[in-house]
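Hi everyone, thanks for making time this morning. I have one structure to walk you through, so let me put it on the screen.

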Amino acid sequence: MNWYNVGKIVNTHGIRGEVRVISSTDFPEERYAVGNKLSLFRDGKSPLVLTVASHRQHKNFDLLTFEGYLTIEMVQEFRDGILKVSENQLSDLEGDEYYFHEILGCTVFGLDGQEIGVVTDILQTGANDVWTVTPAKGKAHYIPYIEDVVKEIDVDEKKIVIDVLDGLLS
């Protein structure tokens, strides 16, 4: 089964079993909804399934409590653990939206069929995502995920076709 990161528990918060999470999900309202199940992965231990009891935001953190864990002592061992969801917990996205794991590893081609490289990273800039496309030789290219550039995405075939605008690959 494939697992996908939701966030990392970086510390406890207060004395009532609340933990601080640095979130890595685009769907915190869904992932941290009361009653949702998250799996906690810690070094060398089998994953622990936790049920969200409460969620709130504080500064740059998501603060969570879990059912059955009511004190700071009960959650201290969760520190540095990674919260994940399984593949079957992922929801369907709208037509032009994709999960990062669907885009990473795709081979990018120009409209002329020339291979440009493989998507190796995705940068979130705020306005739009930017894909790092690494060719077999040479330096990486940064491709904006915008309608004018990205023309076709086939995640099943791991293939992306882009319009190579002037200066895009320099």
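I'll go through confidence, then charge pairs, then a charged patch, and finish with some backbone details.

Please keep in mind that this is a predicted model. The mean pLDDT for the protein is 91, and 98% of the residues reach at least 70. Where is confidence lowest, and where is it highest? The low end is α3, with a mean of 84, and the high end is helix α2, residues 72-75, at 97.

Now the charge pairs. As a reminder, side chains of opposite charge can pair when their charged atoms come close. How many salt bridges does a search of the whole structure find? The count is three, and I'd like to take them one by one.

Let's start with Glu-18 and Arg-56, whose side chains form a salt bridge at 2.9 Å, N to O. Glu-18 sits in strand β2 (residues 18-23) and Arg-56 in strand β4 (residues 48-58), so this pair ties together parts that are 38 residues apart in sequence. Is Glu-18 buried or exposed? Glu-18 counts as buried because its relative accessibility is 11%, and the cut-off for buried is under 20%. Its partner Arg-56, at 40%, counts as partly exposed.

Next come Glu-77 and Arg-42, which meet in a salt bridge with an N to O distance of 2.9 Å. This pair links distant parts of the chain, 35 residues apart: Glu-77 is in the loop between α2 and β6, while Arg-42 is in the loop between β3 (37-41) and β4. Here Arg-42 is buried, with a relative accessible area of 16%, and Glu-77 is partly exposed at 48%.

The remaining pair is Arg-31 with Glu-30, a salt bridge of 3.2 Å, N to O. Arg-31 has a relative accessibility of 4% and therefore counts as buried. Glu-30, at 30%, counts as partly exposed.

Let's turn to the surface. Which residues form the negative surface patch? They are Glu-94, Asp-96, Glu-97, Glu-147 and Asp-148. If you want one of them to look at on screen, try Glu-97, in the loop between β6 (82-86) and α3 (100-103). Glu-97 has a relative accessible area of 40%, so it is partly exposed. That 40% fits the patch rule, because patches take residues with over 30% relative accessible area and no salt bridge. Also, since α3 is where mean confidence is lowest, that is a part of the model to view with the pLDDT colouring switched on.

On to the backbone. Most residues other than glycine have a negative phi, and here are two lysines with a positive one. Lys-59 has phi near 55 degrees and is located in the loop between β4 and β5 (61-66). With a relative accessible area of 73%, Lys-59 is exposed. Lys-158 also has a positive phi, about 55 degrees, and belongs to the loop between β11 (150-154) and β12 (159-162). Lys-158 is partly exposed, at 30%.

One last spot, in the segment after β12: Leu-168. This leucine is buried, with a relative accessible area of 17%. How far apart are Leu-168 and His-141 in space? Their C-alpha atoms are 7.8 Å apart, with their positions 27 residues apart in sequence counted as separation.

That's my tour, and I'm happy to rotate the view for anyone.

How values were computed:
Residues numbered from 1 in each chain as written. Predicted model: local features only at pLDDT ≥ 70, side-chain atom pairs only at ≥ 80, totals over all residues. Heavy atoms only, no water. Patch = residues over 30% accessible without salt bridge, like charges linked within 9 Å, V, L, I, M, F, W, Y side chains within 5 Å. Areas by Shrake-Rupley, 256 points an atom, 1.4 Å probe, with all protein chains shown as cover. Salt bridge = Lys/Arg side-chain N within 4 Å of Asp/Glu carboxyl O. Lys, Arg positive; Asp, Glu negative; His and termini not counted. Charge placed at Lys NZ, Arg CZ, Asp CG, Glu CD. Helix = DSSP H or I, 4+ residues; strand = E, 2+ residues; numbered from the N terminus. Buried < 20%, exposed > 50% of the residue type's maximum accessible area, 1.4 Å probe, protein only. pLDDT = per-residue confidence, 0-100.
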